[in-house]
Amino acid sequence: MQKSTALVLIALLAASLSCTPKQPSDQTASKPVESATPVTDRGTSEDLNPQLEEKWEAFYRSKYDTGDTLVVGTIGDAESLNDLTHVTSSAADIISLLFLQLTRTNPDFSHGPALARSWQFSPDHLELTFKLRDDVTWHDGVKTTAQDVKFTFEKQTDEVIAWSAIKWKENIKECVVVDDTTVKFIFKKVYPYQLMDAVVGVILPKHLLEKVPSAEWKSCEFNRNPIGNGPFKFKEWRAKEAIEVVASEKFYRGRPPLNRIIFKVVPDQENLVLQLKTGQIDFMEQVPPKFFEELSHNRDLVPYVFPSRTYVYIAWNLKNSLFQSKKVRQALTTAMDRQEIIDARLYKFAEICKGPISPIIWAYNPNLPDFPYDPEKARKWLAEEGWKDSDGDGILDKDGKRFEFTIQTNQGNKIREDITVIVQNQLKKVGISAKPLILEANTFFSNLNKKEFESAVAGWFVGLKMEMTTIWHSRSLNDKFNHVYYSNPEFDAVNDQACDEMDREKARKLWWRAQEIIVEDQPYTFLYVPKQINFLHRRFKNVQMETIGWSYNIEQWWAPKDQQKYR
Amino acid sequence: MKADPLLLEVEGLKKHFPVRKGVFGRTTGWVRAVDGVSFSLLRGETLGLVGESGCGKTTVGRSLLRLIEPTAGRVVFNGRELTALTHRQLRPLRRDLQVIFQDPYSSLNPRLTVGGMVGEGLAIHGVGGPAERGERVAEALVQVGLSPDHLSRYPHEFSGGQRQRIGLARALVLNPKFIVCDEPISALDVSIQSQILNLLAELKQACRIAYLFISHDLAAVEYLSDRVAVMYLGEIVELAESDELYRNPLHPYTQALLAAVPVADPAGRRKRLILPGDVPSPLNPPSGCRFHPRCPIAIQGLCERQPPPLVDRKGHAVACHAV
Amino acid sequence: MRTFILRRLLVSAVTLFGLLTINFFIIHLAPGGPLEIFDNPDMSAEVRKLILKSYGLDQPLPIQYWSYLKSMCRLEFGYSIAKKRPVADEILDTLPNTIQLSMLALSLELSLGIIIGIVAAVRQDSHLDKTLRLSSLTLYSIPEFYLGLLFLLLFAGGVGALAWLPPSGMVDLVAYDSMGFFEKLADRILHLILPCMTIALGGAASISRYMRGQLLEVIRQDYIRTARAKGLSERAVIFKHGLRNALMPIITIIGLSLPVVFSGTVIVENVFGWPGMGRVAVDAAFQRDYPIFLAVNLMFGALVVAGNLLADILYAVVDPRVRLS
């Protein structure tokens, strides 16, 4: 449901901004992906997962009550409810309730029908044809047709509008309307993620937006007053206070059980947690681990805990002479007790991370080598590289240069600030001086993107696609996201081959190798994958908080009549 | 003179200020600013009260009007014991008891017009209707040498001397029987001082007002007063008719005080008398005669004892063992 | 009087010009930029350039400054980069809320401060006075965000899960639409209590100390003794002669309090989720949303300047000495 992006900087997990950037609003079931239905994103109608579809449909045959209001507490207000101009996950969560995509993305990455009843690739696999439903209408009564799909594609690829996920459409040549309920995407090449690329983004109403010049999209009326075709209808936006959506009576599946959903903006995290406790909000996403214990004793609340789609790392700037040796970088990782960080700062709500690919991705390599905590070994490796404490000041040196550097991170993220200090202490034990440097968030990310740092604690939000080019490929060396100047010809070759490999098993082997190369090189010290903690009031039933997003099946949540709290 | 009834009688007036120290403001001692002062005034009579600054003369003026609460003592005005009344009971009597202050700047409320200020007293005491009050205010202004045009002006538009006249008008408008003049001329230019002194003298003649004229200006006191009291460290040490006191000062302190005044005296009859030491702290005054540590004629073994009480209206009264 | 006001207006205009110039260069020269936080690898480099161009951010700084000045002359605030809407709309949405909160807080601060100050001065050195002085010193020293959290814990459900007062927002979102007029009014007042108190208490504490000092100073003046000597009752002495003079400098304090109150709203709006301009300012600063940052700061600047101007004029009106000079 959520428009998925490949990799996004996790700017701030903490609450210093009221608008948090695209942050993990999605989570995954704790089970490893391998044990679930194999991910098949080859893009034919057989890609439906019949079990999941059956489960989805079964709800509509079951007995449920309608009514009640869900109050969602969020740190940041949305900025635009127009899919093409929004930037935060707060906005994305609401957009996904108001608008339909062509398909619904399931927890196992399979696709279920939504606006499209079915889809079919051409024999040469360059054309993808969608058959649309004919019973979907916009909330103003106008029918949703293939014209809307084509219009949306044109706007998504309009550089003046500057959609933040514009790259997803770069391999689609054009979108053709066959008839009112049939639309066809023509691709430039055959590659594994064609279906995913075609369906990403919600469909927008042509009749309301065609008259808006591209340059005016960034501030048009529709951004604040959207008309969608999804299960919920936009009702009211009280700037910086709340956004209210109500059940759409005209929704093609019939109205969703909940009457209303109110997204209440509370910029202060402590206040948000307090309102969760007192029942003034029903749901809070990304509850900080320190509150878990207290909230789990609350009998009205149900915790939902799963690995998040982020990982936190320390980046070593390879342009810096200190970090140019692979052995030294391995020694740095070996000198760090990552479990101590997890135990002390995350209350055990995290797992040690070994490599750059999230376990939820099908190509994740479960057999990666690790560099477990061993200060003795770290000291030995450093000595082999010529780092010795020749002047007896407790800090290693080599050719007159001391092993000292700064370790940057952003202000407002208490956990990361603490990590810099813990790492400082741990590295001191092997004779390395790391000085924490806490910077205002925008300054820090600017430094990171300009590669002006020695080492840095940061995090990546992992997308749904298997993608390593942006961060690790030599092609990206001068682009901003290859923060550490990583370049390895062997990796480049394996990566390029894997990207175009249509055979899943062959591709998997290649991706596994690519991950091994990165881990061997240790351009990052991979720290941990945090767990996401969500709390929801217990009166809501049929809740599936899944990989794809906490609101994956929110249109099917319901509350029994006798437990309903609001009208 | 003896037949005249006393207008004001002050008996054993004391005012002790607490000295607080520390976080909790505990009282650690008492400043004996006024320590048993007695005197009396007849109708239309002026008593000058002189002494160095800090001797308690201003406190005498304020506490006898109960602008600050006296610690002990009796004040009887026109037969009524002021010190026995509540503040509320005292209020109607205030019409007859007025005061003018040293600083012509702080003594006038900057937010009130001259008319408002002078007329306020009349309003408080319910004198006449608005029209009559207006007339009386204008009259009072003329009486002190100002113009009725000044009614709607604010104090900051006037000079120091004019302000003092306004202060006087404000006191006079109520037809008081008694005015405490608390150093009314010491903040003024010398040329203005004589104008105000003359004005006070004229009013005294015209309205038979009694003054308690507090000043450290011995010449001004001599000019205006019928009788003069000399204060030292909270006590009156000498009290006599004005002429008598200036001609024949008995107390060594009075002698020293008068000797310090530069007067045109070609014959050099007065010896210059320099007192040794500083004025002792009223927090811890010397025992016996308070002046004895600095006294040129102190008699050892005697002056450490309290001198005999000073009796008013018995000729030239002086509190000294050596006289 | 007219020349006085005209002169002050001119000074205000120059102040605001200086303010907007300094703001402009500070935010543009700060490290980072409006795309830094929202940047993601799915956005192509070309698109990034186009975005910057569409906001005129590809121009050299002096040219940007010049066009900013020109647009200010036309009172055009431009478009917010992060909020995807005209800056004017964002301000119109939030400014009334901030004014509502800050003006109520200011009145509360003044009335509380003045009353407590009077009580403390009249009862000088009593136990009441000491208690008031000690508690005002304590309140004054507590940072607002901490006081806010304390109030949350005490009154909004932190302790014992008893929510006496609403912890955030302006209205009860779930029920507001179905309320009658008086219920709505009551609901709004309830929501104002905590944020208002949080802003006002610290200020009230300092005003009370100032007020006490002023009143004691005035009471020591001879004209107060004169008033007593005239036979005025103590109440009339304090209120007519004392208070009116002691209140004069407080008018100046109003002008000086404004920036403090506004900076208070910035913190309090975040703690209590009040949908005001302070939050817009904080977001804009962190996001380097230049157009909105500049507009909001200019707005706050204008409010402070206007407040001071008003205080000066008010002072001139009530103080005969200022009026005529």
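Here is a walk through this structure, from how its chains meet to how some helices of chain C pack. Keep in mind as we go that this is a predicted model.

Let's start with who touches whom. There are 2 pairs of chains in contact, and of these, chains A and C share the most contacts. Chain A and chain B, on the other hand, have no contact joining them, and their closest C-alpha atoms lie 38 Å apart. Chain C does touch chain B, though: 27 residues of chain B are in contact with 23 residues of chain C. So what does chain C look like?

Chain C has 12 helices and 0 strands. If you follow the sequence from start to end, you pass one α after another, in the pattern α-α-α-α-α-α-α-α-α-α-α-α. To get a feel for the dimensions, picture a box of roughly 85 × 60 × 40 Å along the principal axes, filled by the C-alpha atoms of chain C.

Now zoom in on the meeting of chains A and C. Here 63 residues of chain A are in contact with 61 residues of chain C. Between them the two chains bury about 5200 Å², with 58% of that on carbon and sulfur atoms. Which residues of chain A lose the most area to chain C? They are Lys218(A), Lys240(A) and Asn442(A), and together they make up 14% of what the chain A side buries.

Charged side chains take part here too. In general, side chains of opposite charge can pair when their charged atoms come close. Over all chains, the count comes to 63 salt bridges. Asp93(C) sits in helix α4 (residues 87–122) of chain C, while Arg224(A) sits in the loop between α5 (206–209) and β9 (232–238) of chain A, so this pair joins two chains. The side chains of Asp93(C) and Arg224(A) meet in a salt bridge at 3.9 Å, N to O. Between chain A and chain C the count is 4 salt bridges.

Next, hop over to the other meeting place, between chains B and C. These two bury about 2400 Å² between them, 55% of it on carbon and sulfur atoms. On the chain B side, Ser106(B), Arg111(B) and Glu120(B) lose the most area to chain C, together 26% of what that side buries. Glu120(B) turns up again in a salt bridge, where its side chain meets that of Lys230(C) (3.0 Å, N to O). Across this interface of chain B and chain C there are 3 salt bridges.

Finally, let's look inside chain C. Two packed helices are described by the angle between their axes and the distance between the axes. Take α4(C), the helix that holds Asp93(C). The axes of α4(C) and α7(C) come within 5 Å and cross at roughly 40°, which means α4(C) is oblique to α7(C). The crossing is right-handed, and the contact is made up of 23 nonpolar, 5 polar and 3 charged residues.

Helix α7 of chain C (residues 181–219) has another partner, helix α9 of chain C (residues 234–271). Their axes come within 9 Å and cross at roughly 150°. That angle is over 145 degrees, so α7(C) runs roughly antiparallel to α9(C). The crossing of α7(C) and α9(C) is right-handed. How many charged residues does this contact have? The contact of α7(C) with α9(C) has no charged residues, just 17 nonpolar and 8 polar.

How values were computed:
Residues are numbered from 1 along each chain as its sequence is written. Chains are lettered from A and ligands numbered from 1 in the order in which they are written. This is a predicted model: local features need pLDDT of at least 70, side-chain atom pairs count only at pLDDT 80 or more; totals for chains, interfaces and linings use all residues. Side-chain values use heavy atoms; hydrogens and water are left out. Axes are lines fitted to C-alpha atoms, for helices over the stretch in contact, and angles run from 0 to 180 degrees between N-to-C directions. Helices (H or I, at least four residues) and strands (E, at least two) are DSSP runs, numbered from the N terminus. Angles under 35 degrees count as roughly parallel, over 145 as roughly antiparallel, 65 to 115 as roughly perpendicular and the rest as oblique. A crossing is left-handed if the near helix is turned anticlockwise from the far one by less than a right angle, and right-handed if clockwise. Ala, Val, Leu, Ile, Met, Phe, Trp, Tyr, Cys and Pro count as nonpolar, Asp, Glu, Lys and Arg as charged, and the others, Gly among them, as polar. Contact means heavy atoms within 4.5 Å. Buried area is the accessible area (1.4 Å probe) that two parts lose on being put together, summed over both.
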